[in-house]
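Hello,

Here is the structure you were going to look at. My notes on it follow below.

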Amino acid sequence: MNDVPDTTPGAMLRRCGTLMLACGVIALAGCGGGGGGDAPPPPPPPAPDVSVSGWVGERSAWAQTSIRLSCADGSERSTISTTEGRYALTLPGAALPCLVQAQSSDGRTLWSAAAGAGTANVTPLSDAIVARTLRQPTGSLYADAGFARRLSAPAIAAAHADLLASVGGATLGTEAHPITTAVSGAVATDPLVLANGRLQDDLSNKGVSAPLLSHALARRDRPTDIRAALAAGSARAALGLPTVQGVGAVEPQAVRGRFYWLQGTPAALFALSTDLTFASRDGARTWEPMPRLLYATQRFKGRLWGLGPDGLRASVDDGRTWGLAVEGSALGLPQPVGFGLDLSADGRLWLKRRCSHPCETPLPTLVTSDGIGWSETQELFGAVDWPTGEPPSRTYTLVDWNVVRTCVGTQCTESPALDWQISMLLPLNGSSEVVARGLTSPGVQAPLALSAEGAQWRPLANIPFNRMVRVSPTRLVVRHAEVDQSPFASDDNGQHWAEAPITPGSDWRPAGADTRLRGSWPGSLEMSVDAGAQWLSVPDADSRAAWVHSPGGAILRWQNDERRSLLLSTDGGRTWTESLRLAGDTFGQALGWLGDRFGVGDSTGALRTSRDGREWVRVNAPPISGSMNAVAGTPSYWTLQTVELVCCFTGKVELWQSADQGRTWTAAPEPVKRTGAALSCNGALYASRQDPAMYGESASELWIREASASAWRHIVVPAVIQRLRCERDALHLMPADARDHGELVSADHGATWTPIGRPSTLTSFDGARWWSVGRSSITLWPQ
């Protein structure tokens, strides 16, 4: 119950008297009770104003350019450069240090640092020094007091020394400091301006751009590594990207594979995946990765033949070494040259062909009778592939539901084989035996039986059966029918089966001397590089919105269950806490980076933002009819993709834009609107059609909108785009023909592209190591 105050005149006078008495006591205390105490010291005088000035440009001046100082106390100052590229600003000395940003009219941005009063030039050299000082690519910097507070004169001096060590092969020709030495007199002959031009010429001759150098200085630890990479003209090495392994090189450590085929002979078994081949020469007891991918193998004319993406190869030592037999380009064929090898009953080797893209008409099959001369044929070949390399002495034909015809030469006999219906006859590779497979029924494995002559049949224990190989008089190996299972082996001619693992199958798997993995593939996989003392989550690179990084180091990712929540890590992914619980369905949740804050939307239409991943603010969202699917942006321009489902299928897709941080929304302009979604990376927005199956060649369209630009511009890309993603502030492009090529990476807003990674994988960095994560394997790259 609330009290009601007494408002009578007597009560009010009593309160005033009490208040006056209290005021008198306070006044006496302030005078020291009349005891003559010292007066408090006066406040310090305000810090005097200081001047920051400099020159802005590359080889020539950036005239009439916007200059902005973002200072450690949170204040900002701005001006416009002169026609000679000069600027000057006055600000309180207490505001320093400050970030200096120059934005040209065409959208380019350069950064510098003002650690104290005086000169602060803004050039590609100062941009590289800032990137090194903050250990942050300048393309993704934004005006923030937190970045400014990390600047200091000693830190800038150390970064300058690292820059000189990194470009030691290029003679700058001056001892002038790129930031603090004033550009005086004629700009065209100034030593600092000339040194900047010489450095850019040297980088250009080596195929490295100035933005890429800044990116390398931000991401690489040792300047000597950058110097060696620049001397070799390797943008990949300068950025610290994985090195593509050449033919014959040792493969990176394969962590896990999904094996879809088993082929070979008693001397050499091959377990094949979409991007890795393992060989066993002891009957599937131990396996080792091969240095090349094989789609198929076949024994023919005394040699082992292997078909891979680089052509058809032959081996005389059971696959230890290979020689190129038929190169795809020599036959005028698209890569790869084929996908299957079969041996017909008349002793010919058949090479089945396919197109890299859908064909209007099937390609003719290639056939050879001696392995030397090849010809095209339109013959239909449906016989099974016999493993001996010569016409079989005995053939088997299913003529009724359980009647098998056996022929030796021209002599044939027919007899009922089994008391169950046979669905197919398959050869037992490595011998002249044959396997009969029965019909399957729900929940029951198909019966199997083995025969050496077609008259007597011996039942085998049920096994999920695909292809069987005999590797000894008593040992059989069979590929599991499930794609993600290891082969099975039997040492008693198929009466009992046990798994023959490709990799150790415990709760953790070794991947190096002190590197171990645990968890299920792919979402909850964890890695330890210190023999299990600490564990680090491995990025799920196959999910386009799995992980979002901020320049400050915070990481957000979806919870890998049905809780519809976000997890936050501030220690590089080592530990995670719940950041935000979302409402609505799991579909229609959008997570992205908006240039200076995280953005997340849920299927109820709510849009929230956060600078640190802890405190979230709800902002206005467009009136959408579907669900949010993607959010991205720069500090001045946000985009939001919405998708409307129609009977569980994707219907209307829209791209919305906001130039006032979510206060108002409008439809994005054409043709960017037709792309459906945008991606934020390295301080810019990218929009592209990323589904070549739907859009065809138009999927290679790519647009960019940089932070200071007022419109989108088109980028020419070197491949048809299957997928775009951002990793370590670099744009990663997965080509549509990714089965045969790795990713392409650009650290300079699409100006140059560098190939990395392995076929059929997305390359991801976890803060310590690079990974290639694909549908069929996870690979840890050696550093």
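Is Ser126 buried or exposed? Ser126 is buried, with a relative accessible area of 0%, where buried means under 20%. Please keep in mind that this is a predicted model.

Ser126 is part of helix α2. Leaving aside residues up to four places away in sequence, Ser126 is in contact with Trp111, Ser112, Asn121 and Ile179.

Helix α2, residues 124–134, also comes up with helix α6, since the buried residues of α6 pack against it. The other elements they pack against are α4 (153–166), α5 (191–205), α7 (223–232), α8 (235–239) and β53 (730–735). Helix α6 covers residues 210–219, and eight of its ten residues are buried, so α6 is largely enclosed by the rest of the structure. Those buried residues are Ala210, Leu212, Leu213, Ser214, His215, Ala216, Leu217 and Ala218.

From the α8 side, the residue to look at is Leu239, which lies in that helix. Leu239 has 3% relative accessibility and therefore counts as buried. Among the residues Leu239 touches are Leu212, His215 and Ala216, and these three are listed with the buried residues of α6. Leu239 also touches Arg220, Arg728 and Ala747; residues up to four places away in sequence are again not counted. Arg220 and Leu239 are 19 residues apart along the chain, and their C-alpha atoms are separated by 6.8 Å.

Regards

Methods:
Residues numbered from 1 in each chain as written. Predicted model: local features only at pLDDT ≥ 70, side-chain atom pairs only at ≥ 80, totals over all residues. Heavy atoms only, no water. Buried < 20%, exposed > 50% of the residue type's maximum accessible area, 1.4 Å probe, protein only. Helix = DSSP H or I, 4+ residues; strand = E, 2+ residues; numbered from the N terminus. Contact = heavy atoms within 4.5 Å.
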